[in-house]
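Here's a walk through one protein chain, written for someone who would rather look at side chains than at statistics. Keep the viewer open and follow along.

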Amino acid sequence: MGIILYEKYKNQVDVDFPSPKTRYQWKLTAKGWVGYIPVDSDLALKINPKVPIKNLFGMLEYAYNLHDSKSFKFLQGLMNCESVEDFYNHLADIFAEKIIERCRKGLYRSYIPKTEKLAYVRGRLNVQQVIKKPWDVKLQCAYQEHTADIIDNQILFWTLFHIGHSGFCSEKVSQIVRKAYHAMEGMVSLQPCTSKDCIERIYHRLNEDYYILHQFCRFFLDNTIPIHEKGQNTSLPFLVNMARLYEIFVAQWLKANLPQNFTLKIQERINLGENIYFQTDLILYETTNFIPKYILDTKYKNHQNPSSDDVGQVLAYAASKNSPEAVLVYPTELNNPFNQYIGEIKIRVRSLTFSLNNNLEDAGNEFLKQLFS
């Protein structure tokens with residue numbers, strides 16, 4: 001097991017081989033990821049989160065824009081999950097049931113252009129082709145086909161395929177996922193999709209319920225790691241990058257809860273020269289004059305105090321934007337919080353906490369209170 005993890009999942013798990021240092025035992029250390037890694041047909045590694053499962057759900061709500069009232073009603077069951085397996089199974093169950101419900105009503109369809117040789121005229125006939133090859137009994141026609149085999153449905157079908165091959169579902173949930181998959185089979189082709197395909201799609205009266213389904217797809221596709229083995233019977237790893245999830249969660253929570261006198265910019269690029277730039281996590285601008293007030297950098301770490309690299313990084317961001325304040329945001333309270341004015345222009349660099357241990361709304365409000373103090 002250790003060798004497989006070392007070779008294929010060293011970015012997710014630190015593997016120390018048996019030695020006198022480890023008392024001749026394998027030592028595995030998670031590197032900020034939680035979830036499930038199938039090692040072989042009989043063995044899997046489960047990495048549980050340090051944060052409460054209900055807070056993992058809360059982070060998911062904000063990160064994937066599921067926190068509107070309509071979505072929350074059918075996601076409430078996640079609050080009672082006690083493990084990552086429960087969390088995954090409950091979400092997969094909701095997702096599959098919603099697809100079955102949509103299939104009963106009828107999948108959303110659209111017109112797509114097609115060109116095909118037919119035994120009869122359909123749409124627009126290619127007259128030039130008929131003149132060139134009068135002996136050809138098949139007629140080349142261009143027409144619009146009303147079909148369910150469109151990207152909106154292909155995203156759902158591909159996600160069901162991934163969930164079905166994750167090896168992480170209970171037998172009960174696997175049956176529901178298979179039922180949803182077979183309901184779409186024959187109408188929708190299996191096309192590889194990514195989480196990026198779920199973003200900035202167009203929704204209207206006929207497909208407005210697809211928005212929440214595509215957000216589920218984003219979550220599953222974001223957190224399913226590609227594997228090296230080929231074949232349909234291979235289980236897929238399900239791994240959540242907690243550092244990335246924490247970064248997205250903090251950004252989306254601030255976006256929803258900032259006072260009106262501040263405007264948030266996420267992942268803003270600061271160009272320093274040709275092919276040289278900074279990519280900041282978060283910048284808070286004063287809304288009236290659009291002056292950068294705070295540079296925020298999230299750090300999913302549990303340190304005694306900020307590292308020199310972290311301080312130097314956020315200080316460089318602030319200096320490049322002429323921002324008077326730079327803030328390192330941690331999920332747990334540091335033993336030695338940092339609060340210093342640095343450099344000739346006196347940029348204030350602080351460490352603050354947006355805690356994941358208790359109620360997230362209370363933690364966010366306390367973070368804002370500290371930030372603006």
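Start with Arg 102: leaving aside neighbours within four places in sequence, Arg 102 is in contact with Leu 107, Tyr 108, Leu 206, Asn 207, Asp 209 and Tyr 210. Bear in mind that this is a predicted model. Arg 102 lies in helix α4. Is Arg 102 buried or exposed? Arg 102 counts as buried because its relative accessibility is 10%, and the cut-off for buried is under 20%.

Tyr 143, found in strand β7 (residues 139-147), gets the same question: is Tyr 143 buried or exposed? With a relative accessible area of 7%, Tyr 143 is buried.

Both residues also come with a C-alpha to C-alpha distance, so to speak a ruler laid across the fold. Here are the two pairs side by side.

| Pair | Apart in sequence | C-alpha to C-alpha |
|---|---|---|
| Arg 102 and Pro 306 | 204 residues | 49 Å |
| Tyr 143 and Pro 113 | 30 residues | 5.9 Å |

**The cores**

Back to helix α4, which spans residues 84-105. The largest nonpolar core has 81 residues, and those with the most contacts inside it are Phe 95, Phe 249 and Leu 254. Which helix gives the largest share of this core? That's α4, with 11 residues.

Take Phe 95 and look at what surrounds it. Not counting residues up to four places away in sequence, Phe 95 touches Leu 156, Thr 159, Leu 160 and Ile 163, and also Leu 213, Phe 216, Cys 217 and Phe 220. There's a second, separate core too: it has 13 residues, including Tyr 285, Val 314, Tyr 317 and Ile 347.

**A sheet and the helix on it**

Next comes an open sheet of 3 strands, in the order β4-β3-β8, with antiparallel pairing. The edge strands are β4 (44-47) and β8 (238-241), each pairing on one side only. On average, neighbouring strands here are turned by 15° against each other, direction ignored.

Strand β3 (residues 33-38) pairs with β8 over 4 bridges, in the antiparallel sense. If you want a landmark, Tyr 36 stands opposite Phe 238 in β8. Helix α9 (residues 242-257) packs on the sheet and touches β3 and β8. The direction of α9 makes about 50° with that of β8.

**Empty space**

Now for the gaps. Rolling a probe the size of a water molecule over the atoms shows where empty space is left.

The largest pocket holds about 630 Å³ of space. Its lining has 30 residues, of which Ala 63, Ile 199, Arg 218, Arg 244 and Ile 248 lie nearest the centre. Which elements supply at least two residues each to this lining? Among them are α8 (210-222), β8 and α9. Helix α9 gives the largest share of the pocket lining, 7 residues.

How many cavities of 30 Å³ or more does the structure hold? There is 1, and the largest cavity has about 30 Å³ of space. Tyr 88, His 162, Ile 163, Ser 166, Phe 220, Thr 224, Leu 236, Pro 237 and Phe 238 line that cavity. Some of these names have come up already: Ile 163 and Phe 220 are also among the residues that Phe 95 touches, and Phe 238 is the residue opposite Tyr 36.

Conventions: Residues are numbered from 1 along each chain as its sequence is written. This is a predicted model: local features need pLDDT of at least 70, side-chain atom pairs count only at pLDDT 80 or more; totals for chains, interfaces and linings use all residues. Side-chain values use heavy atoms; hydrogens and water are left out. A nonpolar core is a set of buried Ala, Val, Leu, Ile, Met, Phe, Trp, Tyr and Cys residues joined through side-chain atoms within 4.5 Å. Buried means under 20% relative accessible area, exposed over 50%, partly exposed in between (1.4 Å probe, protein chains only). Contact means heavy atoms within 4.5 Å. Two strands pair if DSSP finds at least two bridges between them. Axes are lines fitted to C-alpha atoms, for helices over the stretch in contact, and angles run from 0 to 180 degrees between N-to-C directions. On a 1 Å grid over the protein atoms alone, a cavity is a set of points where a 1.4 Å probe fits but cannot get out, and a pocket is an open set with protein on both sides within 12 Å along at least five of seven lines; lining residues have an atom within 4 Å of a point. Grid points are joined across faces, edges and corners, and a volume is the space filled by probe spheres set on the points.
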